[in-house]
Structures are given as structure tokens and as C-alpha cells.
Amino acid sequence: MVAESLKLIFVTEGWGQLRTASGLIDLVAGSIVVLPAGAWCAAEPVIPLEMVTLYLHPLFAQSQVGWMPSVHPLTHHLKRATSMGENAGTLHLGGGAMATLRRRLVTLSEQRLKVVDDFAVYADLASLFSDIGRMAGNGSSVSSSPERSPRTVRLEVARAVWVLRQDPAKPWSVRALASEVSLSASQLTRLFQEEFGIGPAAFLWNVRIDRMAAHLMENHLSVAEASRVTGWSSRSAASRAFKRRYGISPVEFARERAERLLIPE
């Protein structure tokens with residue numbers, strides 16, 4: 001596809017590559033790609049990719065660069081993308097950092113600018129950029145050139161992630177998951193800790209919560225229904241877990257979604 005606007009691509013889940021005119025870019029959860037307007041790209045997933053894309057008019061992006069600190073990790077990439085450069089820029093926050101930004105990214109991507117809402121959206125974008133700068137400077141690997149990419153995920157871990165995402169409601173044990181990918185439970189736990197900073201059980205917990213949020217947003221299920229179909233043993237346990245991950249209860253989350261849908265165009 002060809003981008004009509006400058007694109008900020010945030011990889012929230014999965015593993016694969018992005019093919020561009022200048023070459024291949026490795027994509028893992030936590031990757032951010034800045035793609036100039038008019039640049040061609042095509043995603044090639046190894047395991048399913050979830051990407052949130054923000055489309056910025058080049059003139060708007062150029063105006064944002066003016067107030068961004070020169071040391072901000074996105075400044076370099078945005079300057080290059082708005083100065084007729086053709087190469088994509090990349091940086092990497094890490095999967096954990098991206099998970100904390102996911103809800104805000106989805107909300108921003110759903111916004112349609114209206115005169116009354118412009119400043120609120122700009123404020124949200126500024127806050128997002130500020131947090132990216134803070135997170136990228138806190139032990140993450142930042143690439144200042146498109147040739148450098150984050151390391152890819154071990155194949156066994158990628159397969160385990162795929163299995164969990166295919167059937168998160170199944171009553172998984174670490175031993176059963178390890179057997180699916182021909183590893184011991186201790187090996188799988190070690191690899192998950194190395195790749196994601198959490199074990200397989202905690203990873204499944206996050207998958208179920210994110211799938212529950214998707215059901216609330218897209219399928220309009222009740223909280224009880226969404227918790228049941230994603231494998232939670234009780235609504236109360238699901239609600240507590242949801243609030244720990246998203247910062248609000250699933251009832252509030254669903255209500256916010258409904259209110260956004262009711263805003264007149």
C-alpha cells in the first residue's frame with residue numbers, strides 16, 4: 001500500500017517484517033516505524049501482527065517537530081520523514097512499554113478531528129510523544145537508522161504466543177504449553193522471561209484481558225460474557241485483572257467506548 005500521509009506504525013502484538021522500498025524492517029511488539037508520506041510498505045507477519053497506525057499530515061508532523069526536544073527519539077525520524085526522505089525510521093520501546101500505551105493508541109486512532117475536539121486530540125498526541133520519549137530513554141533499545149532492528153523472537157516463543165492467541169480461553173498450564181512447542185516448562189518460562197520480562201502465565205493473563213477489551217469494544221458483549229469467552233473463571237476476577245492492566249474497570253471501559261460512538265459527526 002502507499003501512504004497518503006506520514007504514518008506512525010506501532011506494533012502492539014506479534015512478530016514479522018515490514019517490506020519497504022529501502023528494505024526489510026523487523027517488527028516485534030514494541031516496534032515503532034515512521035514512514036514518510038508516499039512511501040510504499042507491506043507487512044509480512046510470521047505470527048499475526050497487531051499494529052495501530054496514526055496518519056499525520058506532513059505539515060502537521062512538521063509543526064510538531066518544532067516543539068519536540070532535539071534529543072527526543074522520534075524527532076530525528078519525523079524530521080527525516082518530513083524533509084522528503086524516503087527511508088523508514090525505526091525505534092523500539094519493548095513489549096511491556098507498548099502494552100501500557102496500547103489503549104491510548106487505539107483511542108487516538110479512532111478519533112476524527114472536529115473543531116471542538118482538535119485541542120484535546122493534540123494534547124493526547126503530545127502526551128503520547130512525551131511518554132514515548134520517557135520510555136525510550138529508560139533501558140530500551142533505540143535505533144537512529146532504519147538498518148538497525150530489534151532482535152527477533154525465538155521461534156519456540158513465537159509458536160507459543162501464536163497458540164495462546166489462537167485459544168486463550170483454554171485452561172492452559174505452563175507444562176501443556178511447553179509440550180505444544182517441544183520445550184520443557186522451565187525452558188519455556190526462561191525464554192518468556194528473556195523475551196517479554198514475564199512468564200507464560202502472566203503473558204496469557206494479558207492476552208485474555210486484551211481479548212476481553214476487544215470483545216467489549218467490537219462485539220459489544222457484556223462484561224460477564226466477555227470474561228467468560230476469554231477464559232476467566234469469574235467476572236470479579238476478570239474485572240480486577242482488567243483494572244490492573246487498563247487502569248479502569250471493564251464497565252467504565254465499555255461505557256467510554258459507547259460514549260465515543262454517540263458523539264455526532
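A crossing of two helices is left-handed if the near helix is turned anticlockwise from the far one by less than a right angle, and right-handed if clockwise. What you have open is a predicted model, where local features need pLDDT of at least 70, side-chain atom pairs count only at pLDDT 80 or more, and totals for chains, interfaces and linings use all residues. Residues are numbered from 1 along each chain as its sequence is written, and side-chain values use heavy atoms, leaving out hydrogens and water.

Start by selecting α5 (residues 155–166) and α8 (residues 200–219), whose axes sit 10 Å apart at an angle of about 40°. That makes the two helices oblique (neither under 35, over 145, nor 65 to 115 degrees). Spin the view and you'll find that α5 passes α8 in a right-handed crossing. Now show side chains: V161, L164 and R165 of α5 meet P200, F203, L204, V207 and R211 of α8 (contact means heavy atoms within 4.5 Å).

Next, add α7 (residues 185–196), whose axis comes within 10 Å of the α5 axis and crosses at roughly 90°. On the α5 side, pick V157, A160 and V161; they meet L188, L191, F192, E195 and F196 in α7.

Last stop: zoom in on F192 in α7 and F203 in α8, eleven residues apart. Their rings pair edge-to-face, 5.5 Å centre to centre with 80° between the planes (centres within 6.5 Å make a pair, and planes over 60 degrees apart count as edge-to-face). Are these two buried or exposed? Both F192 and F203 are buried, meaning under 20% relative accessible area with a 1.4 Å probe, protein chains only.

Technical notes: Axes are lines fitted to C-alpha atoms, for helices over the stretch in contact, and angles run from 0 to 180 degrees between N-to-C directions. Helices (H or I, at least four residues) and strands (E, at least two) are DSSP runs, numbered from the N terminus. Rings of Phe, Tyr and Trp (its six-membered ring) pair if their centres lie within 6.5 Å; planes under 30 degrees apart count as stacked, over 60 as edge-to-face and the rest as tilted. Buried means under 20% relative accessible area, exposed over 50%, partly exposed in between (1.4 Å probe, protein chains only).
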